[in-house]
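Welcome to a short tour of one chain, meant to be read with the structure open beside you. Please load it, and then follow the strands and helices as they come up.

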Amino acid sequence: MRYGVQRAVRRIVRWGAWAFGVLGLGAQAASAQPASSTAPSAPAPFTARLGERARPVPAMLHPDGGLALRADALAEALGGRLRRDPVRAGRFRFEVGAVGLDIEQGTSLVIAGDDTLVLGREVFRAAGALYVPVALASDLLPRLGTGVLFDAEKREIRRFAPVSAGRRANDATRRPASVPADASVRAEPDRTAVRMPESRPGARQRVVVVDAGHGGPDNGMSGPIGGGPRVYEKHITLAVSRHLRRALEERGVKVVMTRTTDTLIALSDRGKIANEAKGDLFVSIHVNAANPRWQNPGAARGFETYFLAEAKTEDERRVEAMENEAVRFETTADVNRDDPLGFIMRDMAQNEHLRESARLAQLVQAGMRTVHPGPNRGVKQAGFRVLVTAFMPAVLVEIGFGTNRNEAAYMTASERQAELASRIADAVVRYLAEYERKVGG
């Protein structure tokens, strides 16, 4: 009982620190008075940008502290819409691009496909309009592959044009009538590879560092749960990384591999390899594993992409701890707990790499969505050691759950590995093309 209370208190403290610290809005929220019978006063609106278009999104103080945004204005400003549930009073569908979120007045839970997410504060109604905690824009939408980025300092919510918006619409019309619109259905593979645009005169060839997770004595994840052919993460990541190398080279990109055989490379050395190669991007391939304490761990499935930042949710901390565990195999590695990890993470949060990594993660996630049979678990963030020492935009891709029998079979099929690698390669090239346009401008 004592442990349960302590855990509840820790969660409350974490949410409080997140709302007041991470968003950088604590001072404003702290001045809020307890809710009264009248609507809270409205702070200055946020700005939502979709391409060149900018619209204001009304904001107000949340009755429980922090800020809230007007839901319909936010959705419309990002090119989406807010729909009322015709059956259940108080429930709404918040849609942005191909992502739909079920939200409900009076609760802090959000349903996104197969996942239940937490906003930290409740959705509420004021002055005849529905308001959502600012966490919907600052945390959930960026993680779910919507192309949304949140800038607390500028009070801006920006959405990039979807990479495959037209294609996704076509895919939706081809779904069988018996399949719900939100179900994960494999799309027809696009056989046309994206290629690098012609570089400016004198520009060097772009370099992408591909990192196959684990290796040697470090098997990484093993599965699946409940029987079936045994699979090890280190073998899958190496196979997919080799496919990714070929796909990128076919698209005109130079590739450096952190490992090409079944050998152990220290997590800190992987970043050093990338830096010495003067890499433009760092892509680390991994396989996810379910938490054995989950109600049905063998059923967990889906794909997700991480960029470097402090983990916010319990699931992000689970994956962070799992992938950082590889350090125990490094007999010569410095694993002093007083290492500069915290300083580096704070520093990276203030520089361009963080934002660029988030954008790369969004493109990778959007690409995998067109071929992967599992649910889209979104773009997430965590403090992976393998990403810390790579001083360039860097992402870690969890291509599926090896603990799930079907996904283990999917990820060990060479054709499917090549298909996934092709989509990741397309995303990388799209990102590099965006970068070339920015540099050229």
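## A sheet, a hairpin and their neighbours

Leu149 stands opposite Arg158, a residue of strand E13. That pair is a good place to start in this predicted model, since strand E12 (residues 148–151) and E13 run antiparallel to each other and are joined by four bridges. Between these two strands lies a hairpin connection of four residues, and in this hairpin Arg155 has a positive phi near 55°.

On its other pairing, E13 meets strand E1 (residues 46–50), this time in parallel, again over four bridges. Here Ala48 is the residue that stands opposite Ile157 of E13. How are the faces of strand E13 (residues 156–159) covered? Both of them are: Glu156 and Arg158 are buried on one side, and Ile157 and Arg159 are buried on the other.

Put together, these strands belong to an open sheet of four, ordered E2-E1-E13-E12, with mixed pairing. Strand E2 (53–57) and E12 are at the edges and have a single partner strand each, so one side of each has no neighbour in the sheet. On average, neighbouring strands of this sheet are turned by 20° against each other, direction ignored. Helix H4 packs on the sheet, where it touches E12 and E13, and its direction makes about 150° with that of E12.

### Helix H4

Helix H4 (residues 135–143) is largely enclosed by the rest of the structure, because nine of its nine residues are buried. Its buried residues include the charged-letter names you may want to click on, Asp139 and Arg143, as well as Leu136, Leu140 and Leu141. After H4 comes Gly145, with a positive phi near 70°.

### Around strand E6

A second region worth a look is centred on strand E6. Five of the six residues of E6 are buried, so the strand is mostly covered. E6 pairs with strand E5 (residues 81–84) in the antiparallel sense, through four bridges, and Arg81 has Glu95 of E6 as its bridge partner. E6 is also joined to strand E7 (residues 99–104), antiparallel as well, by six bridges. In that pairing Val96 stands opposite Val99 of E7.

The hairpins met so far can be set side by side, each with a residue of positive phi.

| Hairpin | Residues between the strands | Residue with positive phi | Phi |
|---|---|---|---|
| E5 and E6 | six residues | Gly90 | near 85° |
| E6 and E7 | two residues | Gly97 | near 60° |
| E12 and E13 | four residues | Arg155 | near 55° |

Within strand E6 (residues 91–96) sits Arg93. Is Arg93 buried or exposed? Its relative accessible area is 12%, and since buried means under 20%, Arg93 counts as buried. What does the side chain of Arg93 make a polar contact with? The partner is the side chain of Asp102, at 3.1 Å.

### Helices H6 and H12

Helix H6 (residues 233–250) allows a simple check of geometry. Its 18 residues, at 1.5 Å a residue, should span 26 Å, and the C-alpha atoms at its ends are 26 Å apart, which agrees. Among the buried residues of H6 are Ile236, Val240, His243, Leu244 and Ala247. As general background, an α-helix has 3.6 residues a turn, so residues three or four places apart point the same way. Just after H6, Gly252 has a positive phi of about 85°.

Alert readers may also turn to helix H12 (residues 405–411), where Ala409 is found. Ala409 has a relative accessible area of 46% and is therefore partly exposed. The C-alpha atoms of Ala409 and Val231 are separated by 8.8 Å, although these residues lie 178 residues apart along the chain.

### The chain as a whole

Stepping back, the chain holds 13 helices and 21 strands. Of its 441 residues, 51% are buried. Among the contacts in the chain with a separation of 6 or more, 69% come from residues 24 or more positions apart. The accessible surface of the chain comes to about 20600 Å², and carbon and sulfur atoms account for 51% of that surface.

Technical notes
Residues are numbered from 1 along each chain as its sequence is written. This is a predicted model: local features need pLDDT of at least 70, side-chain atom pairs count only at pLDDT 80 or more; totals for chains, interfaces and linings use all residues. Side-chain values use heavy atoms; hydrogens and water are left out. The expected span of a helix is 1.5 Å times one less than its number of residues. Buried means under 20% relative accessible area, exposed over 50%, partly exposed in between (1.4 Å probe, protein chains only). A polar contact is a pair of N or O atoms within 3.5 Å; within protein, one must be able to donate a hydrogen and the other to accept it, and residues adjacent in sequence count only if both atoms are side-chain atoms. Two strands pair if DSSP finds at least two bridges between them. Contact means heavy atoms within 4.5 Å. Accessible areas come from the Shrake-Rupley method with a 1.4 Å probe; for residues, only the protein chains shown count as cover. Axes are lines fitted to C-alpha atoms, for helices over the stretch in contact, and angles run from 0 to 180 degrees between N-to-C directions.
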